[in-house]
Structures are given as structure tokens and as C-alpha cells.
Amino acid sequence: MLALVVALFALSSVALPGFLAADNLIAIVRSISVLGILALGMAIVVIGRGIDLSSVAVMAMSVAWYLQLLGAGTGDGLALLLVLSGVVGIGLLNGLLVAYADVPAIFVTLASGSFVFGYVRSQLITQDAVPVPPGHWLETLGGLRLLDVPVEVFIFAGLSLALFAFLRFTKWGRYVYYAGDNPVTARNVGIPVRPMLVLRYVLSALVALVAGLLTAASLHSLNTRVVNSTLLYDIVLVAVIGGVGLSGGRGGVRNVLVGAALIGVLLNAMTILDVPLLHQNLIKSSILLAAIIIDGLLNPRDEQTSQQGDI
């Protein structure tokens, strides 16, 4: 995949006018920052042999509710605390149902994502697009530049480094791989598999909140219609095409970075070529299907994964 990224970048540099322009390169990196952050949350769940289909709903609806509270006059600290509590609650609900009720993760997170979208849209906010209040810290954050690079790029890099350190150098990070590779054996040797499973879904929800805040900071608003877009499939595509195994126990931050770079360059090239959005989605879906088939061949699911039914 890394070789493919390099080849695609080199080909685009030669064939596409303006591809190597500084503004375009910054746009590529910026465009994959939020997608990459969401893919980090997805990766930590998938490595542990799960999947989180609620991440986009949590991202959009939590921040939309936060902005709605601010617009209604709620203090910033209280509004953020309420939203943070709700996000952690959704992560706990997902984790508890998967870990202790043995409900397949794909159904739990699909249902919780639909519930979050429906409840927040009908009961807590009044419109699809909720603006950032003038002068709010999110507005300031969205305009920050370091060395002429948007601040969300550095936040993505910081989160990537933090997750890399967690997975590589901490005991709990190694537990993620052990539980993903063989949860029965991990449980038999004393690893707290179920609590770790809950923790992964909470972390995924918190990462989604961060991605939502950065989206609102960049656009100065949050449009909840993103829940019905192809963003969720793009997140899975980044993780899978980068090499995070759907069978669990394989992959890491490096795979997310490679997958995000590949998708960023590909989407930018198609935009320069003026490829219609419908065709872009067709190409992305074809790549995702091929990546899943190849992943299934390289990392065959064992009998336990088939019985558990969480992928």
C-alpha cells in the first residue's frame, strides 16, 4: 500500500497540473485529517475484533447538540460536560452490549448510531446545520495555522502518536492485540477481555467527538446530514486498505496513516480530473470491496470469529 501511495503521488505530480502546488498539498493533508482521526478510532475497535458503525453519528450529533446548547445560552463548560457525558454513555452502551450481552457489534453500533441521529435531530436540535457562535473558541481554532499548516493536521499527528504509544508501549495496548487475535485464550490467561472491549468503544466515541469539534472549527458549523453521506464507508476503507485486519489482532497507526494518504491522494486526483461524485463513490466502493476480499484471503476468519458474528 505504501508503494502504491508513492506511485500514485508520483503519477499525479507528473500528469495533473497544480497537484504539487503548496495550497493543494496542504488541502490534501487537511482533507484527510478528520477522516484519519475517525479511522484511528475505528482501528482500535477493529484490531480488537469489533467494528463501530456509530462513529459518524456520534461525531455529528454530539457536536451539533453542543453548538445548539451554546446558541441557547448554556455556558460553554456545562454544554461541553453534557455532551461529553452523552458521548461516553454511548460508548459504554455499545461496549456493554457487545462485551456482556454478546450482541454482534455490527448490529449494536448500527442501532445506536441510528438512535443517536434520530433522537438528537428530533429532540435536541432544531435544524440540520448548526453554526458555531461568533467569537467562540472553535472559530479561533479553525483559523489557527502553524507554519501555514492548519492546526487540525497537527492534532491528527498528535493523536496518531498518542495511539501508537498506547498500542505499542502499554500493557493495555498489548491486551487489544491479544484479545483481537484470540479472545478465548486471552481470557483464559487472565486478560480482562470484556472491560477492554468496553474501553475500546468508549475511546472510539471520544475520538469521534474530537473529529466533530475539528469539523465544526474548520467549517464554522456542523451539518448533521453528514451522517447520511459516505463518510462511514470512507473510514472503514481507510482502515482496511491500510492493512488493519478485519479478523482482529493485526494493524496499527501506520496502517491508518498509509490508508489515509492513499485515499487523500486518490480523491484529490479525481477532483482535479473533475470526476463526478457518483463515479468517485463507485470507485471507492469498488476499492473497499476488493480490500475486504483481499483481507479475507490474507487473514482468514477462524471458527470463533464466525460463531461470535461481530464482523
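**Exercise 1. The largest pocket**

How much space lies in the largest pocket? Then work out which residues and elements line this pocket.

*Solution.* A quick word before we start: the model you're looking at is predicted.

- Step 1: Start with the volume. The largest pocket holds about 610 Å³ of space.
- Step 2: Now look at the lining. It takes in 26 residues, and those nearest the pocket's centre are Arg-30, Ser-31, Val-34, Leu-35 and Leu-231.
- Step 3: Go from residues to elements. Two or more lining residues come from each of α2, α10, β4 (221–223), α11 (231–242) and α12 (253–272).
- Step 4: Pick out the top contributor. That's α2, which gives the most, with 8 residues.

**Exercise 2. Pairs of rings**

Find how many aromatic pairs there are, then classify the pair Phe-9 and Phe-19 and the pair Phe-115 and Tyr-119.

*Solution.* You need two things for each pair: the distance of the ring centres and the angle of the planes.

- Step 1: The count comes to 4 aromatic pairs.
- Step 2: For Phe-9 and Phe-19, the ring centres are 5.3 Å apart and the planes sit at 70°. Planes over 60 degrees apart count as edge-to-face, so this pair is edge-to-face.
- Step 3: Place the two rings. Phe-9 sits in helix α1 (residues 2–15), while Phe-19 is in the loop between α1 and α2 (22–47); the two are 10 residues apart, and the pair links distant parts of the chain.
- Step 4: Check how covered they are. Phe-9 has a relative accessible area of 31%, so it's partly exposed. Phe-19 comes out at 0%, so it's buried.
- Step 5: Turn to Phe-115 and Tyr-119. Their centres are 5.7 Å apart and their planes at 15°, so this pair is stacked.
- Step 6: Both of these residues, Phe-115 and Tyr-119, belong to helix α5 (residues 105–124), 4 residues apart, or about one turn of the helix. Phe-115 is exposed at 51% relative accessibility, and Tyr-119 is partly exposed at 41%.

**Exercise 3. Following the charges**

Which residues are linked in a network of salt bridges? Trace the contacts, then look at the salt bridge between Asp-102 and Arg-194.

*Solution.* Opposite charges are the thing to look for, since such side chains can pair when their charged atoms come close.

- Step 1: The whole structure has 5 salt bridges.
- Step 2: Begin at Arg-121. This residue bridges to Asp-128, with the closest N and O atoms 2.8 Å apart.
- Step 3: Asp-128 also forms a salt bridge with Arg-225, this time with 3.0 Å between the closest N and O atoms. Asp-128 is in the loop between α5 and β1 (129–131) and Arg-225 in the loop between β4 and α11, so the pair ties together parts 97 residues apart in sequence.
- Step 4: Put the two contacts together, and you get the network: Arg-121, Asp-128 and Arg-225.
- Step 5: Compare accessibility. Arg-121, at 25%, is partly exposed, and so is Asp-128 at 21%, whereas Arg-225 is exposed at 56%.
- Step 6: Now the other bridge. The side chains of Asp-102 and Arg-194 meet at 3.6 Å, N to O. Asp-102 is in the loop between α4 and α5 and Arg-194 in helix α10, 92 residues apart.
- Step 7: Asp-102 is exposed at 55% relative accessibility, and Arg-194 is partly exposed at 29%.

**Exercise 4. Positive phi**

Is Arg-49 buried or exposed? Give its phi value, and do the exercise again for His-220.

*Solution.*

- Step 1: Find Arg-49 in the loop between α2 and α3 (55–71). Its phi is near 70°, a positive value in a residue other than glycine.
- Step 2: Relative accessibility for Arg-49 is 4%; buried means under 20%, so Arg-49 counts as buried.
- Step 3: His-220 is in the loop between α10 and β4, and its phi is near 65°, again positive in a residue other than glycine.
- Step 4: At 35% relative accessibility, His-220 is partly exposed.

Methods. Residues are numbered from 1 along each chain as its sequence is written. This is a predicted model: local features need pLDDT of at least 70, side-chain atom pairs count only at pLDDT 80 or more; totals for chains, interfaces and linings use all residues. Side-chain values use heavy atoms; hydrogens and water are left out. Rings of Phe, Tyr and Trp (its six-membered ring) pair if their centres lie within 6.5 Å; planes under 30 degrees apart count as stacked, over 60 as edge-to-face and the rest as tilted. Buried means under 20% relative accessible area, exposed over 50%, partly exposed in between (1.4 Å probe, protein chains only). On a 1 Å grid over the protein atoms alone, a cavity is a set of points where a 1.4 Å probe fits but cannot get out, and a pocket is an open set with protein on both sides within 12 Å along at least five of seven lines; lining residues have an atom within 4 Å of a point. Grid points are joined across faces, edges and corners, and a volume is the space filled by probe spheres set on the points. A salt bridge is a side-chain nitrogen of Lys or Arg within 4 Å of a carboxyl oxygen of Asp or Glu.
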